[in-house]
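Biologist: I would like to learn how to read the enclosed spaces of a protein model, and how to place them within the fold as a whole. Could you take me through the general idea and then the case at hand?

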Amino acid sequence: MSRSNIRDRLAKLTPEQQGALAARIQQSGLVKRDHGIPRRPTDVPVEMSFAQQRLWFMQQLQPENPFYNMPIPLRLTGRLDVGALQACLDALVSRHETLRTTFEALGESAVQVISSPGPVKLAVADLSGLPESSREAEARRLVEEEGLRPFDLSTGPLMRARLLRLSAEDHVLQLTMHHIISDGWSLPVLYRDIGELYQAACSGEAARLPALAIQYADFSVWQRNSLTGGVLSEQLGYWRGRLEGMAELKLPTDRSRPALPTYAGARETLNLSPELSAALRSLSQRHGATLYMVLLAAFSVVLQRYARQDDIVVGSPIANRTRAELEELIGFFVNSLVMRTDVSGDPKFSELLARVRQVALDAYAHQDLPFERLVEELDPERDLSRNPVFQVMFALQNATSDAVPPMGAGPRIDFFPLAYEITRFDLEVHVWEAAEQLRVDFIYST
């Protein structure tokens, strides 16, 4: 197979698939192997990861804000063993150190404080005594109230659990985590572990879960120790050159920007037809690109027309789990890549797609630099009213990554919908890829 064919096949992989491939190559011995991520020393303070450091700093600026809350309300329909659920949550927090981590200020920063395993406080509210017609509304009110209740990063816990009982076979389990200990890519791990641990608690048998080679704090120590010297210089050098002279994207708005962000958002959803979704996939294959690249190119054209700018800068999240040790962990790993596209010269779409394809491939090749470290290096003028570097986020998500598995022989699990939105950007665009068609969620600052 020619080198160009290999490049084309690699280009068709999603960022997550590329990361997984890199991890497998590393494990195969085809390239020089390191010794993996080691366990940390137990007798020294554990620094925060770069991503945690930025969220901790934001929390110091607005300590009562709920904007980095991750509310996860789950509807449980069927017979529920509350004792088994309690045991399940206790085992979950014992398994993942990050769920029992708090943060202690140390100078201008903080260190991670990891508590010993202990029982999770599962608050239970019985709504079954209310008239049946009002239980749903009261459950919704309580879920939304809990989702907006702020965390104290120094005292914790940073995962809260509450169970609402609407009837004997109708419950809502609300888990609320702070983003500093989890991310969107952690949720499939969370759901799977809850299902396995609940089933094990019901049966009295051991859970069928793989042993964890490391914990999140081990990753934090390794990240800071490994991102030094020539590796850091090469990564920083690329991004400095790539973003030099970058123009701020200025979308038209009908209200002036507040001095401090409110994080209040709303959502609009667009469903693309199966025919259009199939045509987009076909287009990407013909041009040796990924579906993400095609969608980003189209979105860049839309942004160019609204902002009347040729220099289009958006952020894209990436899982940042390129090592096998990280796949089973709950934690805040996600990184943001800056995608800067030149839309000048009235290019044909195929020409623009080629530009976007190269931008994306170069960004993936330099994805190890944490966005927070990049912000430090660029040192933009501090403006608390906006996100640094980019104001618009664009992501392609796999719809199955958000699916909740069943709890063994226990109740059926569904999402309990939330009525409010929080956005940390002017605009977030999430494209969800299912088997038949694409769904696009536009979440915008109100």
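Modeller: Let us begin with the vocabulary: helices (H or I, at least four residues) and strands (E, at least two) are DSSP runs, numbered from the N terminus. This is a predicted model, in which local features need pLDDT of at least 70 and side-chain atom pairs count only at pLDDT 80 or more, while totals for chains, interfaces and linings use all residues. Residues are numbered from 1 along each chain as its sequence is written, and side-chain values use heavy atoms, with hydrogens and water left out. The protein chain comes to 12 helices and 15 strands.

Biologist: How many cavities of 30 Å³ or more does the structure hold?

Modeller: Rolling a probe the size of a water molecule over the atoms shows where empty space is left. A cavity is a set of points, on a 1 Å grid over the protein atoms alone, where a 1.4 Å probe fits but cannot get out, and lining residues have an atom within 4 Å of a point. Grid points are joined across faces, edges and corners, and a volume is the space filled by probe spheres set on the points. The structure holds two such cavities of 30 Å³ or more.

Biologist: What is the volume of the largest cavity, and which helix gives the most to its lining?

Modeller: Its volume is about 70 Å³; of the 15 residues that line this cavity, the closest to its centre are Ala 51, Gln 223, Asn 320, Phe 333 and Pro 370. Helix 3 (50-61) and helix 7 (216-226) each supply at least two lining residues, and helix 7 gives the most, with three.

Biologist: How do the lining residues of the largest cavity divide by class?

Modeller: Ala, Val, Leu, Ile, Met, Phe, Trp, Tyr, Cys and Pro count as nonpolar, Asp, Glu, Lys and Arg as charged, and the others, Gly among them, as polar. The lining of the largest cavity has nine nonpolar, four polar and two charged residues.

Biologist: Which residues line the second largest cavity?

Modeller: That cavity, of about 30 Å³, is lined by Trp 239, Asn 335, Ser 336, Leu 337, Val 338, Leu 369 and Leu 374. Strand 10 (residues 335-342) gives the most to this lining, with four residues, and by class the lining has five nonpolar, two polar and no charged residues.

Biologist: What share of the 446 residues is buried?

Modeller: Buried means under 20% relative accessible area, with a 1.4 Å probe and protein chains only, and such residues make up 47% of the 446 in the protein chain.

Definitions and conventions
On a 1 Å grid over the protein atoms alone, a cavity is a set of points where a 1.4 Å probe fits but cannot get out, and a pocket is an open set with protein on both sides within 12 Å along at least five of seven lines; lining residues have an atom within 4 Å of a point. Buried means under 20% relative accessible area, exposed over 50%, partly exposed in between (1.4 Å probe, protein chains only).
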